Amino acid sequence: RDGYKALEKTLSMSWEEVLDTVKESGLRGRGGAGFPTWKKWSICRQTKSDQRYLICNSDEGDPGAFMNRSLIEGDPHALLEGMVIAGYTLGASQAYIYCRAEYPLAIKRLRLAMDQMRKLGLLGKNILGTDFSFEIKIKEGAGAFVCGEETALIASVEGKRGMPKTRPPFPAVEGLRGKPTIINNVETLSTLPNILRNGAEWYNQYGTDESKGTKTFSLVGKVKRTGLIEVPLGMTIRELIYDIGGGLEKEFNAVQTGGPSGGCLGEDDLDTPIDYEQLAAAGSFMGSGGLIALDKDTCIVDTAKYFLTFTQNESCGKCVPCRVGTR
């Protein structure tokens, strides 16, 4: 099924060629920020250091979101192959998967997949007979929402309390143990094998000019058909809720996107194409991909209160906007 063909191809290329392929593909961070993946990598690679780190963010703390968990449980090798490709491109020899402890099956399957990789010479010293060596460790998080933020996640991996730091310096320049560190989402890394195997042009046929490729969403709430979906970016919210989700039993009220710090979009926004810029212009954002459909039985004030309470409880309470603002 072409597993690790992309890694084999990657190891025959220079890291610059791999970076160019990722650049041409237009892949952007799937954790929600939508920052161009190649640009982040390029900053890290150009920072002189004896050691660089890669961290996979699998914290997934948004209520109603389960894309990362499903991807790891169903196909851990997609993520692991993507991580080795990223490690090679970055010149990193050590990586961590930061996964919340509430995902025991995902962690079990990752460990099993990593054992399989070691037996096949795909992880550890001299991968596939090359001079590239790479190790991956799993770090279980305690399920703190704030640890989804890059600098708080790094603090947690270092064994400290998960507290965000002011940036700059950005982790790509100074991250884990003071070394250049790249943090990518599960979905960003799992997409890499497809891009390297099939080429940037193949990936470019999906999505919009600004937001290339596909995106997974967990479609939950009051839609008739809930579940995990993968769609090309640029599809409208209406198509997602009515064509794929089968509509609602009762009258549509709003759709909540982008997790607790995202927003609720009403009926007037149903024809908004789902991409990074358009969702932001409508007053919400993509986030990691949770979509919660609400009908007229759901009080929008209660919804706002629920998410704000969640944000307040989960915040580290360190800076004024959050500490005072959420109250």
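## A tour from helix H12 to two unusual loops

Start by selecting Thr303, Phe307, Phe310 and Thr311 in H12: these residues are buried (under 20% relative accessible area with a 1.4 Å probe and protein chains only; exposed is over 50%, and partly exposed lies in between). They sit on the same side of H12, because they cover an arc of only 95° around the axis (the arc is taken from the directions from the helix axis to the C-beta atoms).

A word on what you have open: this is a predicted model, in which local features need pLDDT of at least 70 and side-chain atom pairs count only at pLDDT 80 or more, while totals for chains, interfaces and linings use all residues. Residues are numbered from 1 along each chain as its sequence is written, and side-chain values use heavy atoms, with hydrogens and water left out.

Now show the whole of H12, residues 300–314. Helices (H or I, at least four residues) and strands (E, at least two) are DSSP runs, numbered from the N terminus. On the other side of H12 you will find Val301, Asp302, Lys305 and Asn313, which are exposed. Next, add strand E7 (252–257), strand E8 (263–265) and strand E9 (290–295): the buried residues of H12 pack against these strands, with contact meaning heavy atoms within 4.5 Å.

**Next stop: two packed helices**

Select helix H2 (residues 15–25) and helix H8 (residues 186–198), whose axes are 10 Å apart and meet at an angle of about 100°. The axes are lines fitted to C-alpha atoms, for helices over the stretch in contact, and angles run from 0 to 180 degrees between N-to-C directions. H2 and H8 are therefore roughly perpendicular to each other (65 to 115 degrees; under 35 is roughly parallel, over 145 roughly antiparallel and the rest oblique). Show side chains for Val18, Thr21, Val22 and Ser25 in H2, which meet Leu192, Ile195 and Leu196 in H8.

**Last stop: the loops**

Which bond joins arginine 167 and proline 168? Zoom in and you will see a cis peptide bond, with omega about 0°. Step along to proline 168 and proline 169, also joined by a cis peptide bond. Proline 168 lies in the loop between helix H7 (150–157) and strand E4 (181–185). Stay in that loop for arginine 177, which has a positive phi of about 50° although it is not a glycine. Arginine 177 is partly exposed, at 44% relative accessible area.

Finish at asparagine 126, in the loop between helix H6 (104–119) and strand E3 (135–141). Asparagine 126 has a positive phi of about 45° and is partly exposed, at 43%.

Terms used: The expected span of a helix is 1.5 Å times one less than its number of residues.
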